[in-house]
Amino acid sequence: MKIGFVGLGNMGQAMARNLIKAGHELTVYNRSQSKAEALRSQGARVAKTPREAAQGAQAVFTMLADDHALEEVSWGDDGILAGLDKGAIHISSSTISVALSERLTQAHAQAGQGYVSSPVFGRPDAAEAKQLWVLAAGAKADVERVRPLLEAIGRGLTVLGEKPSASNVAKLSGNFLIATMIEACAEVFALTRKHGIEAKTFLELYQSVFANSPIFGRYASLVASGQYEPAGFALRLGLKDVGLVLQAAGSAHVPMPIASVVRDQYVEAVARGMGEQDWSALGTLAAEKAGLGKP
Ligand code: NAP
């Protein structure tokens with residue numbers, strides 16, 4: 001296919017290279033031209049504007065830093081909206097706001113163009129190795145047309161329906177999971193080190209028990225189904241354990257803000273009579289506070 005690619009940073013470079021390897025004809029644009037030149041030797045045409053990258057393409061990818069960058073390349077005389085043919089599709093892979101995704105959906109529809117929101121999971125090394133996990137949402141026919149392109153940049157694809165911004169919500173949710181996991185790791189590594197355990201030793205334990213373990217998958221299934229009874233591990237005991245974590249932290253002067261928040265969630269759950277449910281029943285608190293019922 002004839003494809004435009006706008007945004008050749010750490011992620012975009014690697015994604016564009018994989019599209020070339022898959023046999024697609026690329027016209028690339030990057031604000032700093034040197035990064036676009038790097039792809040010329042691999043067979044890409046270099047465009048002077050985002051508009052030129054979009055012109056004549058069946059689809060144009062964008063992989064920019066943030067909302068502001070994507071707005072800059074999308075609107076205006078030199079922008080993608082002005083260049084893309086009717087019926088051609090903008091594949092938006094940057095991590096952006098839900099609001100901008102909705103504005104772009106509207107703007108492309110008004111211009112008779114398609115918009116598929118397609119953020120990705122995976123770091124630049126995964127992009128290079130074609131190991132990204134790709135999300136896609138948009139009109140069914142548009143998603144099907146660009147499916148071979150999305151398959152050329154990753155190891156798997158999750159389609160989230162016809163409303164493009166759904167995949168931005170899913171991407172941001174995934175990044176929040178990662179961010180809380182990073183903070184939880186940061187807190188327990190500080191706690192264990194302060195109590196004299198070498199980081200290397202705790203990392204070995206972490207790798208054996210938690211990394212690649214079914215634990216996270218199991219608890220996500222419980223929260224997704226809302227099935228908290230019978231308890232595999234009672235919530236009141238979960239409260240005891242997070243309390244013990246905070247005691248060990250307090251005695252060694254290790255602040256653990258996430259642990260404090262989680263303890264308060266357990267206190268609330270017990271106060272509401274949920275102590276005998278599974279400790280994953282924190283899922284009920286979050287759902288109820290969001291005005292949701294049982295899944
Ligand atoms: P990056 O290396 O910083 O590249 C950013 C790209 O945006 C560059 O092409 C940059 O152009 C362009 N840009 C920035 N501001 C611009 C503007 N005002 N106008 C036009 N172009 C502009 O970032 P990245 O790591 O590739 O990330 C790209 C997107 O993917 C982000 O939304 C990020 O959140 C998301 N993401 C990143 C990762 C990761 O691990 N890195 C993983 C998944 C998703 P210049 O070269 O001229 O600066």
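This passage describes the two largest pockets of a predicted model.

The largest pocket has a volume of about 2600 Å³. Its lining is made up of 48 residues, and those nearest the pocket centre are Ala184, Phe216, Tyr219, Val262 and Tyr266. A run of helices builds up this wall: α9 (165-194), α10 (199-209), α11 (215-225), α12 (235-251), α13 (257-271) and α14 (282-289) each contribute at least two lining residues. The largest share falls to α9, with 10 residues. In terms of chemistry, the lining of the largest pocket comprises 32 nonpolar residues, alongside 11 polar and 5 charged ones.

Turning to the second largest pocket, its volume is about 810 Å³. Here 30 residues form the lining, with Gly9, Met63, Leu64, Ala65 and Asp66 lying nearest the centre. Both helices and a strand take part, as α1 (10-21), α4 (67-74), β7 (120-121) and α9 each supply at least two residues. The largest share of this lining comes from α4, which gives 4 residues. By class, nonpolar and polar residues number 12 each, and 6 residues are charged.

The location of the second largest pocket can also be read from its lining. Residues from domain 1 (2-162) and from domain 2 (169-289) both take part, so the second largest pocket lies between the two domains. Helix α9 is a handy landmark for anyone browsing the model, as α9 supplies at least two lining residues to the largest pocket and at least two to the second largest pocket.

How values were computed. Residues are numbered from 1 along each chain as its sequence is written. This is a predicted model: local features need pLDDT of at least 70, side-chain atom pairs count only at pLDDT 80 or more; totals for chains, interfaces and linings use all residues. Side-chain values use heavy atoms; hydrogens and water are left out. On a 1 Å grid over the protein atoms alone, a cavity is a set of points where a 1.4 Å probe fits but cannot get out, and a pocket is an open set with protein on both sides within 12 Å along at least five of seven lines; lining residues have an atom within 4 Å of a point. Grid points are joined across faces, edges and corners, and a volume is the space filled by probe spheres set on the points. Ala, Val, Leu, Ile, Met, Phe, Trp, Tyr, Cys and Pro count as nonpolar, Asp, Glu, Lys and Arg as charged, and the others, Gly among them, as polar. Domain bounds come from an automatic or database domain assignment.
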